[in-house]
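Colleague: I am new to this structure and would be grateful for a close look at a single part. Could you take one helix, describe its surroundings, and then follow the connections outward from there?

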Amino acid sequence: MERNIEEKETELIINFGGLKYKNKQMAEVLGWPLSEIEKGMQKEQKFYALYNQGKTRAAYVIDMKLFEMAQSGDLRALAKLEDRQKKKK
């Protein structure tokens, strides 16, 4: 049975994904047993979906910042953005 994730925990889990926290770190912050985090990180679990949502959001924020910097003429930002786009393919 999947643990019921409270509303306040949802944002934490999304942030964990954005920060790429490891299972042990997440368990320590949430105060959950490590085994519950490991169960939650299985693909069909809500925890896993929230974690991945955080990873995607963080990538988007970084890409947008690089895009804005590139638009203002920052050539290093443009190169970094292009590198990130190539890695996604």
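Modeller: The model is a predicted one, and the account below should be read in that light. I shall take helix H4 as the centre and work outward from there.

Helix H4 spans residues 46-71, which makes 26 residues. From its first C-alpha to its last H4 reaches 37 Å, close to the 38 Å expected at 1.5 Å a residue. Just after H4, Gly73 takes a positive phi of about 105°.

Which residues of H4 are buried? They are Phe47, Leu50, Tyr51, Gly54, Asp63, Leu66 and Ala70. These buried residues pack against H1, H2, helix H3 (34-40) and helix H5 (75-88). Two of these partners, H1 and H5, may be taken in turn.

The packing of H1 on H4 comes first. The two helices meet at an angle of about 55°, and their axes are 6 Å apart. H1 is therefore oblique to H4. Their crossing is right-handed. On the H1 side, the contact is made by Thr10, Glu11, Ile13, Ile14, Phe16, Gly17 and Gly18. On the H4 side, the residues are Phe47, Leu50, Tyr51, Gln53, Gly54, Lys55, Arg57 and Ala58. Sorted by class, the residues of this contact comprise seven nonpolar, five polar and three charged. Phe47, Leu50, Tyr51 and Gly54, which take part in this contact, are among the buried residues of H4.

The packing of H4 on H5 may be described in the like manner. Here the axes come within 8 Å and cross at roughly 140°. H4 passes H5 in a left-handed crossing. H4 contributes Ala59, Ile62, Asp63, Leu66, Phe67, Met69 and Ala70, and these meet Ala77, Leu78, Lys80, Leu81, Arg84 and Lys88 in H5. By class, the contact has nine nonpolar and four charged residues, with no polar ones. Asp63, Leu66 and Ala70, which belong to this contact, are also among the buried residues of H4.

Asp63 deserves a closer look. Is this residue of H4 buried or exposed? Its relative accessible area is 12%, under the 20% limit, and Asp63 therefore counts as buried. Leaving aside its neighbours within four places in sequence, Asp63 is in contact with Leu81, Arg84 and Lys88. These three residues appear on the H5 side of the contact described above.

From H4 the description can move back to H1, which also packs with H2. H1 covers residues 7-19 and H2 covers residues 23-30. Their packing angle is about 155°, and their axes are 11 Å apart. An angle over 145 degrees counts as roughly antiparallel, so H1 and H2 are roughly antiparallel to each other. The crossing of this pair is right-handed. In H1 the residues concerned are Glu9, Leu12, Ile13 and Phe16, and in H2 they are Met26, Val29 and Leu30. By class, the contact of H1 with H2 has six nonpolar residues and one charged, and no polar ones. Ile13 and Phe16 are listed in this contact and also in the contact of H1 with H4.

Within H2, two residues may be considered. Val29 lies in this helix and has a relative accessible area of 47%, so it is partly exposed. Beyond its neighbours within four places in sequence, Val29 is in contact with Phe16 and Tyr21. The C-alpha atoms of Val29 and Asn15 are separated by 12 Å, the two residues being 14 apart along the chain. Lys24 is also found in H2; at 54% relative accessibility, Lys24 counts as exposed. The C-alpha atoms of Lys24 and Asp63 are 28 Å apart, with their positions 39 residues apart along the chain.

Lastly, there is the loop between H1 and H2, where Lys20 is placed. Phi of Lys20 is near 55°, a positive value in a residue other than glycine. Lys20 counts as exposed because its relative accessibility is 58%. Lys22 is placed in the loop between H1 and H2 as well, and with a relative accessible area of 58% Lys22 is exposed. The C-alpha atoms of Lys22 and Ile37, which are 15 residues apart along the chain, are separated by 9.6 Å.

Technical notes
Residues numbered from 1 in each chain as written. Predicted model: local features only at pLDDT ≥ 70, side-chain atom pairs only at ≥ 80, totals over all residues. Heavy atoms only, no water. Axes fitted to C-alpha atoms, helices over the stretch in contact; angles between N-to-C directions. Helix = DSSP H or I, 4+ residues; strand = E, 2+ residues; numbered from the N terminus. Parallel < 35°, antiparallel > 145°, perpendicular 65-115°, else oblique. Left-handed = near helix turned anticlockwise from the far one by under 90°. Contact = heavy atoms within 4.5 Å. Nonpolar A, V, L, I, M, F, W, Y, C, P; charged D, E, K, R; others polar. Expected span 1.5 Å × (residues − 1). Buried < 20%, exposed > 50% of the residue type's maximum accessible area, 1.4 Å probe, protein only.
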